[in-house]
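Take a moment to turn the structure around before reading on. The paragraphs below go through the two chains, and then through the places where they meet.

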Amino acid sequence: MARQKKIARAPESYLPLPPATFQILLTLVDGERHGYAIMREVAERTDGAVRLGPGTLYGALKRLLEAGLVEEGGERPDPDMDDERRRYYRLAKPGLSVARAEARRLEGMVRAARQKKLIGVEPA
Amino acid sequence: MRAAERVYRLLLRAYPAGFRAEYGREMVLVFRDRRRDESARGIRFWSEMIWDVARSAPALRLDAFRIRWEEDIQTGEEKMRTMAILAVLIGVTEAANALAEGWAGGIANGGFWLAGIILTVVAGTLLVVAGVAMLRRAPGAVPSARVAAITCLTVVVLIRLVDGWMSIFGTLLGIVFPIALLFFLWWTRRRGPSAPTMA
């Protein structure tokens, strides 16, 4: 099992999150997932713009587990796939706070871009 | 499929052993899933896999190294002893080197020349005293090591800047070791009460 330790940091202290890390947290908001399900969902949500390789995915998950933002949810086979046992991951409470904080940060950036008319206006 | 998996298992050797033990099986499963689900299996698939390893493995290796270093520091009596012995050896070498270079260059080369030699000998002696204090775990060993390192660094830099008689060997020794010693002392202090405290 990966080392897990309690979070004692403010959510904002983790920001800005690397895009892959935010995508993983975003995926786990809906419930626990195994590695490949996370990878597939991220690729679908971003229309293939963010494609996590196994190393990037498990490297990020390892760091999230160590920071106490994600928890392991046990091992079991995925009924929709083969009968290999897969390790599931779920969002811990501090992970949800960090994901919210990052979403707010990104929202602020988008708002600023809109005010500068970088987005949200039809090109002439 | 089996051959591809074998190749991927070989690629996984780029990751630290601990990470492989923890996540290797999962990564192979994900690799297998992607091979099964994706139509792109040729060069694009493999270039993505290789790029993924090249991008993530060095950072994880660095993480593993940092963790190992921190754990070593936490139980780092051995490292403290090594630094103390190095301080003694380098202090002696620095002092002897200054005397030898001063002798070879001619002691009567001027006031600053002589002052430089004397200061270097003093700095070397301070390193020796600090090293011995660290070895004996004497109270005040760490502050004295800090003073010795700063003195040595200042003297060597001043000599190089003002007169430049010191050899490259003496200069490197007198700059690199004090910086390493200061970094080591700062690091052990930063580790908190679990760090070996000699003061």
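Helices here are DSSP runs of H or I that are at least four residues long, strands are DSSP runs of E of at least two, and both are numbered from the N terminus. By that count, chain B has seven helices and zero strands. Its elements, read from the N terminus, run α-α-α-α-α-α-α. The model is a predicted one.

Chain A is built from both kinds of element, with four helices and three strands. Along its sequence the pattern is α-β-α-α-β-β-α. Chain A holds 124 residues, of which 32% count as buried; chain B holds 199 residues, of which 30% count as buried. Another way to describe each chain is to ask how far apart in sequence its contacting residues lie. If we take contacts between residues at least 6 apart in sequence, 61% of those in chain A join residues at least 24 apart. For chain B, the corresponding figure is 72%.

Start with the strands. In what order do the three strands of chain A lie in their sheet? The order is β1-β3-β2, in an open sheet with antiparallel pairing. The edges are formed by β1 (33-34) and β2 (70-77) of chain A, each of which pairs on one side only. β3(A) pairs with β2(A) in the antiparallel sense over six bridges. Within that pairing, A:E75 stands opposite A:R87 of β3(A), and A:E71 has A:R90 in β3(A) as its bridge partner. On the other edge, two bridges join β1(A) to β3(A), and these strands also run antiparallel. Here A:R33 has A:Y89 of β3(A) as its bridge partner. β3(A) is mostly covered, with five of its seven residues buried.

Next come two helices of chain A. Two packed helices are described by the angle between their axes and the distance between the axes. For α1(A) and α3(A), the angle is about 75° and the axes are 10 Å apart. Angles of 65 to 115 degrees count as roughly perpendicular, and α1(A) and α3(A) are therefore roughly perpendicular to each other. On the α1(A) side, the residues that meet the partner helix are A:A20, A:T21 and A:I24; on the α3(A) side they are A:T56, A:A60, A:L61 and A:L64. This contact has five nonpolar, two polar and no charged residues.

In soluble globular proteins, nonpolar side chains tend to be buried together. The largest nonpolar core in this model has 36 residues, and those touching the most other members are A:I24, A:L25, A:M39, A:L57, A:L61, A:L64 and A:V70. At least two residues of this core come from each of α1 (19-28), α2 (35-45), α3 (54-66), β3 (85-91) and α4 (93-115) of chain A, and from each of α2 and α3 of chain B. A second, separate core has 25 residues, including B:A148, B:M166, B:F177 and B:L181. To look at one member of the largest core, take A:L57: leaving aside residues up to four places away in sequence, A:L57 touches A:G35, A:I38, A:M39 and A:L52.

How many residues does each chain bring to the contact between them? Chain B brings 19 residues and chain A brings 14 residues. On the chain B side, α2 (17-37) and α3 (43-74) each supply at least two of these residues. The chain B residues that touch chain A divide into 12 nonpolar, one polar and six charged.

One residue is worth following in detail. B:Y15 lies in the loop between α1 (2-11) and α2 of chain B. Is B:Y15 buried or exposed? A residue is buried if 20 or more other C-beta atoms lie within 10 Å of its own. B:Y15 has 24 C-beta neighbours inside 10 Å, so B:Y15 counts as buried. Not counting residues up to four places away in sequence, B:Y15 touches B:R20, B:A57 and B:L60, and also A:G55 of chain A. B:Y15 and B:R61 are 46 residues apart along the chain, yet their C-alpha atoms are separated by 6.4 Å.

Note on methods. Residues numbered from 1 in each chain as written. Chains lettered and ligands numbered in written order. Predicted model: local features only at pLDDT ≥ 70, side-chain atom pairs only at ≥ 80, totals over all residues. Contact = placed C-beta atoms within 7 Å. Nonpolar A, V, L, I, M, F, W, Y, C, P; charged D, E, K, R; others polar. Core = buried A, V, L, I, M, F, W, Y, C linked by C-beta atoms within 7 Å. Buried ≥ 20, exposed ≤ 12 C-beta atoms within 10 Å, placed from the backbone. Axes fitted to C-alpha atoms, helices over the stretch in contact; angles between N-to-C directions. Parallel < 35°, antiparallel > 145°, perpendicular 65-115°, else oblique. Pairing = 2+ DSSP bridges.
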